[in-house]
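Reader: I am new to structures like this one, and I would like to know how each description is justified. Could you take me through the reasoning step by step?

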Amino acid sequence: MTPQSLPLRRAAGAGLLGALLMLAGCASPAVEQYAAEQPRLLLREYFDGPMTAHGVFTDRSGQVVRRFTVKLVGRWNGPEGVLEEDFFYSDGKTERRVWRLTDHGGGRYTGRADDVVGEARGQAAGNALRWQYTLALPVDGRVWEVQFDDWMYLMDAERKVMLNKATMSKFGIRLGEVTLAFHKP
């Protein structure tokens, strides 16, 4: 190695390090990182009874493309639950989704709904839940299978407010995000 090549090697090393740091920044956190966070999110408690959520869908540029309100009612019988969601969009359209949820213990949950492909899987720790599933989404007369990676965070000790941020993707390409704020009476 010559003294003249040393700055090039350092620059190449710094470039590689920068690229690795950027890639590491793109990786999703593990739900276990939130294990010490309070208040603890217990889905069977939070999704029990009536609640309301307000949300927006933003495209890849961050522009709000759709606003909506969701009226929800959850009921549990032991480890089995039903969560009914009625969506009211700002353009006047409505939609309904009924989740059938199972609490497997240890913070593990699964769920099914008519427009969910296969089974949704979730893991909770501390105040957070990561919920992943594929949704059969009607778009312009066709149905697209879109992946959702939801993160929910219980915000207050009274267990009344929970925030949800979901990334939508297809073929690994980010399509946009859904942001929701849940409120319990």
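Author: What follows is a series of questions about a predicted model, each answered by setting a value beside the rule it has to meet.

Reader: What makes the strands a barrel, and in which sense do they pair?

Author: The 10 strands run from β1 through β2-β3-β4-β5-β6-β7-β8-β9 to β10 as a closed barrel, and their pairing is antiparallel. From one strand to the next, the twist averages 25°.

Reader: How do you know that β1 and β10 are paired?

Author: Two strands pair if there are at least two bridges between them, and β1 and β10 have 8 bridges in the antiparallel sense, so they count as a pair. As an example of residues facing one another, Ala 53 stands opposite Phe 182 in β10.

Reader: How many bridges join β1 to β2, and what lies between these strands?

Author: There are 10 bridges between β1, residues 49–59, and β2, and the two run antiparallel. Phe 57 has Arg 66 in β2 as its bridge partner. The two strands form a hairpin with 4 residues between them, and in the turn Gly 62 has a positive phi of about 95°.

Reader: Which strands does β3 pair with?

Author: Strand β3, residues 80–89, is joined by 10 bridges to β2, residues 64–77, and by 9 bridges to β4, residues 94–105, with an antiparallel run in both cases. Phe 88 illustrates this, being the bridge partner of Thr 69 and also standing opposite Thr 94 in β4. The hairpin of β2 and β3 has 2 residues between the strands, with Gly 78 at a positive phi near 65°, whereas the hairpin of β3 and β4 has 4 residues between them, with Gly 92 in the turn at a positive phi of about 95°.

Reader: What makes 4 bridges enough to call β5 and β6 a pair?

Author: The rule asks for at least two bridges, and 4 bridges join β5, residues 108–112, to β6, residues 116–125, so the antiparallel strands meet it. Among the residues involved, Thr 110 has Arg 121 in β6 as its bridge partner.

Reader: Why is Asp 140 called exposed, but Arg 159 partly exposed?

Author: Exposed means over 50% relative accessible area, buried means under 20%, and partly exposed is in between. Asp 140 has 77%, and is therefore exposed, while Arg 159 has 30%, and is therefore partly exposed. Asp 140 lies in the loop between β7 and β8, and Arg 159 in the loop between β8 and β9.

Reader: What is notable about the backbone of these residues?

Author: Most residues other than glycine have a negative phi, and most peptide bonds are trans. Asp 140, however, has a positive phi of about 50°, and Arg 159 has a positive phi of about 60°. As for peptide bonds, the one from Gln 38 to Pro 39 is cis, with omega near -5°, and Pro 39 is found in the loop between α1 and α2.

Reader: How do you know which class of residue prevails in the lining of the largest pocket?

Author: The lining has 30 nonpolar, 2 polar and 7 charged residues, so nonpolar residues prevail there. The largest pocket holds about 960 Å³ of space, and of its 39 lining residues, those closest to the centre are Tyr 89, Leu 135, Leu 137, Phe 148 and Met 168. Strand β7 gives the most to this lining, with 8 residues.

Methods:
Residues are numbered from 1 along each chain as its sequence is written. This is a predicted model: local features need pLDDT of at least 70, side-chain atom pairs count only at pLDDT 80 or more; totals for chains, interfaces and linings use all residues. Side-chain values use heavy atoms; hydrogens and water are left out. Axes are lines fitted to C-alpha atoms, for helices over the stretch in contact, and angles run from 0 to 180 degrees between N-to-C directions. Buried means under 20% relative accessible area, exposed over 50%, partly exposed in between (1.4 Å probe, protein chains only). On a 1 Å grid over the protein atoms alone, a cavity is a set of points where a 1.4 Å probe fits but cannot get out, and a pocket is an open set with protein on both sides within 12 Å along at least five of seven lines; lining residues have an atom within 4 Å of a point. Grid points are joined across faces, edges and corners, and a volume is the space filled by probe spheres set on the points.
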